[in-house]
Amino acid sequence: MLADTALAVMWVGLTCYALFGGADFGAGVWDLLAGGARRGDAQRRLIEHSIGPIWEANHVWLIFVIVLLWSGFSPVFAAVMSTLYVPLTLAALGIIARGAAFAFRKASNELWQRRLFGACFAISSLVTPFFRRRAQELMAEFTDVEQLGFDL
């Protein structure tokens with residue numbers, strides 16, 4: 001019963017992350033397609049204003065799910081994290097680069113700095129979901145729990 005409850009809570013957390021992440025990463029792609037530094041400035045300011053309240057808080061859902069997985073299902077956590085180390089690490093680095101670029105671009109005064117951090121924000125908005133999706137694809141290959149070495 002407790003395991004079912006933990007799985008249900010993890011499912012809610014993943015659903016929230018996926019829903020809010022769509023807007024979050026979609027804004028990054030919109031930022032990429034906004035145009036040149038001067039022409040796209042108004043759109044970029046609108047993007048910053050619209051995702052400002054959710055971009056940091058959205059990844060708390062992911063951390064919440066990872067902590068629940070680690071504390072509630074340690075053997076599964078170990079198998080998933082060791083098997084998917086590369087794509088999950090690259091996704092985590094993309095999340096970090098994206099957040100840092102978003103914050104630094106907002107604080108930058110020079111055009112070249114805004115371009116640099118804007119490019120990092122936009123590229124990591126494409127790369128991070130790619131590696132997250134790759135991790136999901138690899139996990140789908142392990143649908144048989146016995147392949148992971150567990151007796152349930």
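Student: What makes the packing of helix α1 (residues 2–32) and α4 oblique?

Tutor: In this predicted model, in which local features need pLDDT of at least 70, side-chain atom pairs count only at pLDDT 80 or more, and totals for chains, interfaces and linings use all residues, α1 and α4 pack at an angle of about 55 degrees, with their axes 13 Å apart. The axes are lines fitted to C-alpha atoms, for helices over the stretch in contact, and angles run from 0 to 180 degrees between N-to-C directions. Angles under 35 degrees count as roughly parallel, over 145 as roughly antiparallel, 65 to 115 as roughly perpendicular and the rest as oblique, and α1 and α4 are therefore oblique to each other. Residues are numbered from 1 along each chain as its sequence is written, and side-chain values use heavy atoms, with hydrogens and water left out.

Student: Which residues of α1 and α4 meet?

Tutor: Tyr17, Asp24, Phe25, Gly28 and Asp31 in α1 meet Ile95, Arg98 and Arg105 in α4, where contact means heavy atoms within 4.5 Å. The helices themselves are DSSP runs (H or I, at least four residues), numbered from the N terminus.

Student: Why is histidine 59 called buried?

Tutor: Histidine 59 has 12% relative accessibility, and buried means under 20% relative accessible area, with exposed over 50% and partly exposed in between (1.4 Å probe, protein chains only), so histidine 59 counts as buried. This residue of helix α2 is in contact with Tyr17, Asp24, Phe25, Ile95 and Arg98, leaving aside its neighbours within four places in sequence.

Student: What makes the pairing of the side chains of histidine 59 and tyrosine 17 a polar contact?

Tutor: The two side chains are paired at 3.4 Å, and a polar contact is a pair of N or O atoms within 3.5 Å, one able to donate a hydrogen and the other to accept it within protein, while residues adjacent in sequence count only if both atoms are side-chain atoms.

Student: Why is alanine 119 called partly exposed?

Tutor: Alanine 119, found in helix α5 (residues 111–140), has a relative accessible area of 35%, and is therefore partly exposed. Its C-alpha atom is separated by 9.0 Å from that of aspartate 31, 88 residues apart along the chain.

Student: What makes the set that includes Ile51 and Phe102 a nonpolar core?

Tutor: A nonpolar core is a set of buried Ala, Val, Leu, Ile, Met, Phe, Trp, Tyr and Cys residues joined through side-chain atoms within 4.5 Å, and the largest has 7 residues: Ala27, Ile47, Ile51, Trp55, Ala101, Phe102 and Phe121. Helix α2 gives the most to this core, with 3 residues.

Technical notes:
Helices (H or I, at least four residues) and strands (E, at least two) are DSSP runs, numbered from the N terminus.
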